Every structure is written in C-alpha cells, then in structure tokens.
Amino acid sequence: MAGPPVVIWEREVGRLLRFKDLVPRLEDALGKFSRRDSSEVVQPVRSAVPLQKHNGFMGLMPTYMENDGVLSTKFACFYKRKEGSSLPSVQATVVLLDPEYGNVKAVMDGEVITAMRTAAVSAISAKLLMCPGADVLAILGTGKQALSHYSVFTEMFSFKEVRVWSRTKQGVDRFLDSVGGPVKGCGSVEEAVRGADVIVTVTGSTEPVLFGQWVKPGAHIAAVGACRPDWRELDDELMKNAVVYADSREGAMTESGDVILSGAEVFAELGDVINGTKAAHREKTTVFKSLGMGVEDAVSAKLVFDQWTAQKFHL
Ligand SMILES: NC(=O)C1=CN([C@@H]2O[C@H](COP(=O)(O)OP(=O)(O)OC[C@H]3O[C@@H](n4cnc5c(N)ncnc54)[C@H](O)[C@@H]3O)[C@@H](O)[C@H]2O)C=CC1
Ligand SMILES: O=C([O-])C1=[NH+]CCC1
C-alpha cells in the first residue's frame, strides 16, 4: 500500500520554483500539447463548476503526460470580486498522482504555481511574438498576476520603461512599494498603453479595459484575465485587427469572451509557433489569449516535487 501524500505548501513551493527552470519546461510542454499526440499529453478543456452564491467557478484541470510519467490535476477556484473585497480572486491546489498505482503522491499549494507558470507562459509569448527592440512594457492590473508578470518580464527582458495602471491609486502605490524597481504609475489605461510595445492585461474585469484605438500597431498583448465566455478585457477592434494566438484553441473557443464574442479567429497556439508549424507575426499587432492549462501545472508540480525529493534525500 502506498504511503500518505506529502504536502508542499506555499513558502516551500516559492523557494523551489525558479523562472529559469520553469520557462524551458513550459516551452517543451506547450509544444507537446500542440502536437495532439496522446502519448505526450492528454488534457481536456477545463471543467468549470459554477459557485453561483459566491460569484465564482471551480475549474478542474486534469492532465496526463504519459512519456513524462506525470499525472496531475489542479483545482482552481476563481471569482469575480467586488471592488475593495479582501477575498482572493484565485485559490488553487495541485494534486500529483502516481500514474501506475493511482495514489496521490503530493498535494501542493497551487497559488504560487498559478502565478509563476501563467506569467512565464506570457513571457514565452512575448519572446516569440513581440517586435524586435521592444522598449516599453505596460501592465494593466496590480494584483498577484501583475507582480509575477513584472518579475519574469524584468528577469527575461531589458525594457527601458515599465508602466503600471490600476483602477485605484492605492493599487498602483502598493504595486510600486512591492516591486522596488523603476516603474511609472499611470492614472489611466490610455496613458499606460500609448506607445507601449508589450501590454499585459491581468485584471479581474469582465468588461473591456483595453481598447484597440490606443494600441500601437505591432504591439504584443498578453491577455491573461477574462477567462469566462462572457467576460472581456479587450475590445472588438483590438481582437479583430490583431493576429490572435492562444494556449489552447479549444480552450479559447470554449472559455474566452474576448475570442467568442468578438468573432476573432485564433490563428495559432503558442505551441504551434514553438513547433515551427505556424508563423510568429512579430511585425503585426499580436494578442496571446491565455486561459491557463493543466499541462502547465503538471510540469510545474513535477519540477517542485523533483526538487523537493532531491533536497530531502540530499540532507
Ligand atoms: N490565464 C490564466 O492562466 C490565469 C488567469 N487568471 C486571471 O487573471 C486575472 C488576475 O488574477 P490575479 O492577479 O490573481 O487577481 P488579483 O485579485 O490579485 O488582481 C486583480 C487586479 O484586477 C483589478 N481589477 C479587478 N476588477 C477590475 C475591473 N473591473 N476593472 C479594472 N481592474 C480590475 C484589481 O484592482 C487588481 O489590480 C483574473 O481575471 C484571473 O482570473 C488568474 C490565474 C491564471
Ligand atoms: O489556469 C488557471 O489556473 C486559471 N485560469 C483562470 C483562473 C485560474
């Protein structure tokens, strides 16, 4: 009989996970996912159970990577919060199983994994799709994802200017205090995004906050919020005039209000670009629509578990 699962919680996950280790594993996983080879990745579109009373959803994200021996699922509860609410927008737990025996090997905090893998995938989208010599980064939103995106974008790239916008001044001030680096706080979305080469949208908004009329031609947008079919962050003009990429085509067609309601076509998955089967249109305005995938959590959880096991037996 298998022993009880290990529990690896927030601080430990944060100590073990590094962007430099995560990014290449995510690139590999995105490529494998887009090959649609079931011996590499089996990952259905997330099931979302409505939590009507609490204005949220529980997303169940099972994934099996046969050749890598990884079986996992994440439970991600995400909510539409009222302004000023102190409750979290996203809470997540990742469960790692033994694919042969079916027992649970580890239960992990999923918040650090969600924050880091989502930001790392957005950074991969920028690496592949932003224009050469991109100088200005704008971040819309100042919550957990904004912080993790700031961390990985400033670790991987050398922007000359970073701008941030939040709907409240307190949000901007808190963000500036937490990051310490040189960031310009902006009083409006337009001020933040005019002339920006890369724009990250990480808000809890369900209506468009970013409008095409303000976006510089050739800019790259990593659109991370609005993960429900009736939620938006980007307007129709932007969606229709950009080349749209997604993490999962099926995911975007099922869950993204920006894709479904604008009628925009998903040109390619990020994995198709990694595999060299679809072009990276760096010269055009590009949108990467991120919904989040179980395969990203699976490789992150494996990395945490492997590092945790190596350290334990090294002591
Ligand atoms: N694509 C993916 O893989 C993932 C997407 N998400 C989504 O990313 C978004 C941000 O998540 P977190 O940073 O964890 O949340 P958070 O609660 O930490 O931060 C949300 C930010 O959005 C702002 N905001 C909320 N409502 C707004 C509105 N109506 N207009 C403008 N700004 C608004 C808040 O002031 C805050 O700055 C959420 O929509 C979440 O569901 C989160 C995890 C993974
Ligand atoms: O992939 C993910 O973990 C999530 N996507 C939307 C909210 C949480």
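This report describes two domains, the core and contact between them, helix H2 and the shell around ligand 2.

The model is predicted: local features need pLDDT of at least 70 and side-chain atom pairs count only at pLDDT 80 or more, while totals for chains, interfaces and linings use all residues. Residues are numbered from 1 along each chain as its sequence is written, and chains are lettered from A and ligands numbered from 1 in the order in which they are written.

The protein chain is assigned domain 1 (6-113 + 295-313) and domain 2 (120-293), with bounds from an automatic or database domain assignment. Their C-alpha centres are 22 Å apart. Domain 1 puts 18 residues into the contact and domain 2 puts in 22 residues; two residues are in contact if their C-beta atoms, placed from the backbone, lie within 7 Å. On the side of domain 1 that touches domain 2, helix H2 (19-35) and helix H11 (294-314) each supply at least two residues, and H2 gives the most, with ten residues. Helices (H or I, at least four residues) and strands (E, at least two) are DSSP runs, numbered from the N terminus.

Two sets of residues are split by class below. Ala, Val, Leu, Ile, Met, Phe, Trp, Tyr, Cys and Pro count as nonpolar, Asp, Glu, Lys and Arg as charged, and the others, Gly among them, as polar.

| Set | Nonpolar | Polar | Charged |
|---|---|---|---|
| Side of domain 1 that touches domain 2 | nine residues | four residues | five residues |
| Shell around ligand 2 | six residues | three residues | no residues |

H2 has 17 residues and spans 24 Å from its first C-alpha to its last, close to the expected 24 Å (1.5 Å times one less than its number of residues). Its buried residues include Leu22, Leu26, Leu30 and Phe33; buried means that 20 or more other C-beta atoms, placed from the backbone, lie within 10 Å of the residue's own. Among the elements covering them are H3 and H11. Arg36, which follows H2, has a positive phi near 50°.

The largest nonpolar core (buried Ala, Val, Leu, Ile, Met, Phe, Trp, Tyr and Cys residues joined through C-beta atoms within 7 Å) has 95 residues, of which Ala120, Leu140, Ile199 and Val287 touch the most other members. Helix H3 (residues 111-129) gives the most to this core, eleven residues. Both domains give residues to the core, so it lies between them.

Around ligand 2 are residues including Phe78, Val90, Cys227 and Leu291, with C-beta atoms, placed from the backbone, within 6 Å of it. Strand E4 (70-79) and strand E5 (90-97) each give two or more residues to this shell. Because domain 1 and domain 2 both contribute, the shell lies between them.

Key. A residue is buried if 20 or more other C-beta atoms lie within 10 Å of its own, exposed if 12 or fewer, and partly exposed in between; C-beta atoms are placed from the backbone.
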